[in-house]
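Student: I am new to this structure and would like a close look at a single part. Could you take me through one helix slowly, from its own residues to its surroundings?

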Amino acid sequence: MLGNKKQKVLIYLALTIAAVLVILPLMWLFFTSFKSRADLAKNTWGLPKIWEYSNYITAWTGSRIPTYMWNSVRATATAILLTVVLATPVSYVVSRFRFRGNKLLYLFFIAGMMIPIHSTVIPIYTMVGNMKLNNSLEVLGLVYGAFRIPISIFILEGFMSALPRELEECAVIDGCSTANIFFKIIVPLSKDGIVTISILTVLSSWNELLISMLLISTPSKKTLPNGLMGFITEYNSEYTQLAAGIMISIIPAVLFYAFAQEKIEKGMIAGAIKG
Amino acid sequence: MRKESLKKLLAISLTGALTASTLLTGCGNAPKEKAETQDSEVQESADAETAAAESAAGDTKGSGETIEIKLSTTWTQGSVVQEEIENLIAKFEEEHPGVVIEHDALSTADLRTKLTVQAASGDMPDVSWCPQSYAREFIKDGLIIDWSGIVEEDPDWHAWFADPVFDALTEPDGKILLAPLEASIDGLYYNKAMFEEHGWTAPKTWDEFMTLIPKIKEAGITPIVTGGKDSRFAWMASAFLVRATGLDNFKSLCYGEDMTNWNNESTGFPTAVAKFKEMVDAGAFPNGVMGMSATEADQMFANEEAAMYYEGAWKVGNFESAGGAEFLEKLDRLDWPAMTDCPDGNPDTRVGGCFIGVMVKAGNEPEKEKLCIELAKSICSPDFGIPIMEKGGQVYPGVAEYDKSTCSEIMNKMIEAFHSADSYIPSMDGIAPPAVDLAIKQTAFPGIITKELDARQAVDEVQKAAEDYAASLEAQ
């Protein structure tokens, strides 16, 4: 009994420390967003001496944050669409069908995980440039999606392999076609896996900087990370405005999490067990 | 209910597949078709400015009337120059109907990366901010124009700049790499008030500097600080090398006969590295300097926790942001200490000069190239550069007068130091091949600070980078 109590105290202590570690940077960012530059220099860790609300106004009006956000949404949505639409059927085929070369096909797809994005920037830039597709958020989303497909297939294959074969066999006996089995049985049962790959795609695409910096040069087409980097220059970095910009930019992510908390947690846990 | 949602899912999936296949099919068509597809798609969603720019995408002249000029600069919204450059673009477009300028503003690090990728794929921006060391590579590959003919043809424009400015941008074969944009000059900034309070003398020689370090440490103050995390060692590397070995040896190492002799004692680089190690071993830098960003270093200096700071003239603006105008009044400038035990070293050369300029892409149609040159000249004009200098944005490399009352005393001293210099040497990132510069500032100097490398190993790292670079040139 006493041991249980001690264990509980230790667990709560560890969780409290973990929570503080997560919250502290966010709190620092929040307070920094209300400081003047001089205040930040002299009073880096304290509360703002004078609350500078103007950082938010400047960040909002001077940096096209709403446009950057919308652009990030467009690129990310394309990436999710591509990832889900392509990774789901491929995962179905490699996990449920037995044919010669099945394993090879699976390895071919997941081998993409081993290609670092940095090694592909010059070919991607050249290809996109040759096809005159620069400055397109949808093309940017296609590139993001292409890089998510291998890991998504890896995760979904794990989900789908774990589904009982009897379900499919019953469906076949009832006269169900392969397409119907896929759409009416496999996809609904893999919903948690699909949510997981979607979340992972959001996380990687929303924060990506290098490819978007290379492929997008029109100011009104820049994505959020690329746009926010504009606050930093070699000679004059506006860190307080950057902090305000980041605070504004995380609002959609916070709202997204608040509304989809249950699904996200379920998806991540399910992925962890099955994947 | 369940059936309905499955139907929805099927519909969404099919729409997605259709969209993806449409786009992928588009990718397989001829380039012109793709450009048109892209253009029509963009026209629907982008604002007027973007749509105008993108309607021209794909061809130099979209409809025969519109010329799109791609301009890349480091003047993002965080820069004091941002408003001026937007005004200049608007004025240029107004004066040249049918010209649309697409301004891509990135931080210097990002722009360097992008220029490297663009050069590798042969798709340079039409006009761009560019460091001298990058321009040297680009002109070898025929990617950018040579300005020597333009300088000869336009004496009025030439007269804006003193000859040493153009000399700094001229290659041994007479080619001028860039239009001069930004002057730079180094300074060993020191807190004059702090020095007076403790009775310290500003160091003019290396021995004085090394004697001063323990005294400053005894007072509980860090002798010198820099942004280690941001690899801010390019200026210091040049200062050490020019004091240790002199101008000629320095240039010979960077682009002359000694390009693969960085480990040779006679070239002076091993001596420079040994001197740097001597400074590190004396405890000149604070603990954890390699985890410190340039901004954190600025804050430390402004909070009077460090006595000295070595870098370029633009730092004045950062110091003002970090410590306010009253902090600037406490500052003074010194040349980097002379190394009297290095007979080949040059004690008067200042690190700086003009090694940031504007490049113009080669290979455009003559009409477009003419417009690009005109735009580059506007960006390098006194009308554009002087107001920026008065705002503390950068030092204009031209000879034009400016209103000294608008600048702080320390900034005026920096500008004066630029104009009164006997000779200049660029910071390492402006003169050394990029691979060698990176080896110095990201491997050799940090390695000595973290004690992962001794002086010999640090020199060997740079030597290896230089040999790899030379081999890549031979392969070309």
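Tutor: Let us take helix H14 of chain B in this predicted model, and begin with its buried residues, which are B:Phe269, B:Pro270, B:Thr271, B:Ala272, B:Val273, B:Lys275, B:Phe276 and B:Met279. The cover over these buried residues of H14(B) includes helix H12 (234-245), helix H13 (247-255), helix H22 (434-449) and H23, which belong to chain B.

One of these neighbours, H23(B), deserves a closer description. Two packed helices are described by the angle between their axes and by the distance between those axes. Here H14(B), residues 269-281, packs against H23(B), residues 455-475, at an angle of about 130°, and the two axes are 9 Å apart; the helices are therefore oblique to each other, and their crossing is right-handed. On the side of H14(B), the residues that meet H23(B) are B:Phe269, B:Pro270, B:Val273, B:Ala274 and B:Lys277, while H23(B) brings B:Ala455, B:Ala458 and B:Val459 to the contact. Sorted by class, this contact holds seven nonpolar residues, one charged residue and no polar ones.

The length of the helix can be checked as well: at 1.5 Å a residue, the 13 residues of H14(B) should span 18 Å, and because the C-alpha atoms at its ends are 18 Å apart, the expectation and the model agree. Finally, what follows H14(B) is B:Gly283, a residue whose phi is positive, near 85°.

Conventions. Residues are numbered from 1 along each chain as its sequence is written. Chains are lettered from A and ligands numbered from 1 in the order in which they are written. This is a predicted model: local features need pLDDT of at least 70, side-chain atom pairs count only at pLDDT 80 or more; totals for chains, interfaces and linings use all residues. Axes are lines fitted to C-alpha atoms, for helices over the stretch in contact, and angles run from 0 to 180 degrees between N-to-C directions. Helices (H or I, at least four residues) and strands (E, at least two) are DSSP runs, numbered from the N terminus. Angles under 35 degrees count as roughly parallel, over 145 as roughly antiparallel, 65 to 115 as roughly perpendicular and the rest as oblique. A crossing is left-handed if the near helix is turned anticlockwise from the far one by less than a right angle, and right-handed if clockwise. Two residues are in contact if their C-beta atoms, placed from the backbone, lie within 7 Å. Ala, Val, Leu, Ile, Met, Phe, Trp, Tyr, Cys and Pro count as nonpolar, Asp, Glu, Lys and Arg as charged, and the others, Gly among them, as polar. The expected span of a helix is 1.5 Å times one less than its number of residues. A residue is buried if 20 or more other C-beta atoms lie within 10 Å of its own, exposed if 12 or fewer, and partly exposed in between; C-beta atoms are placed from the backbone.
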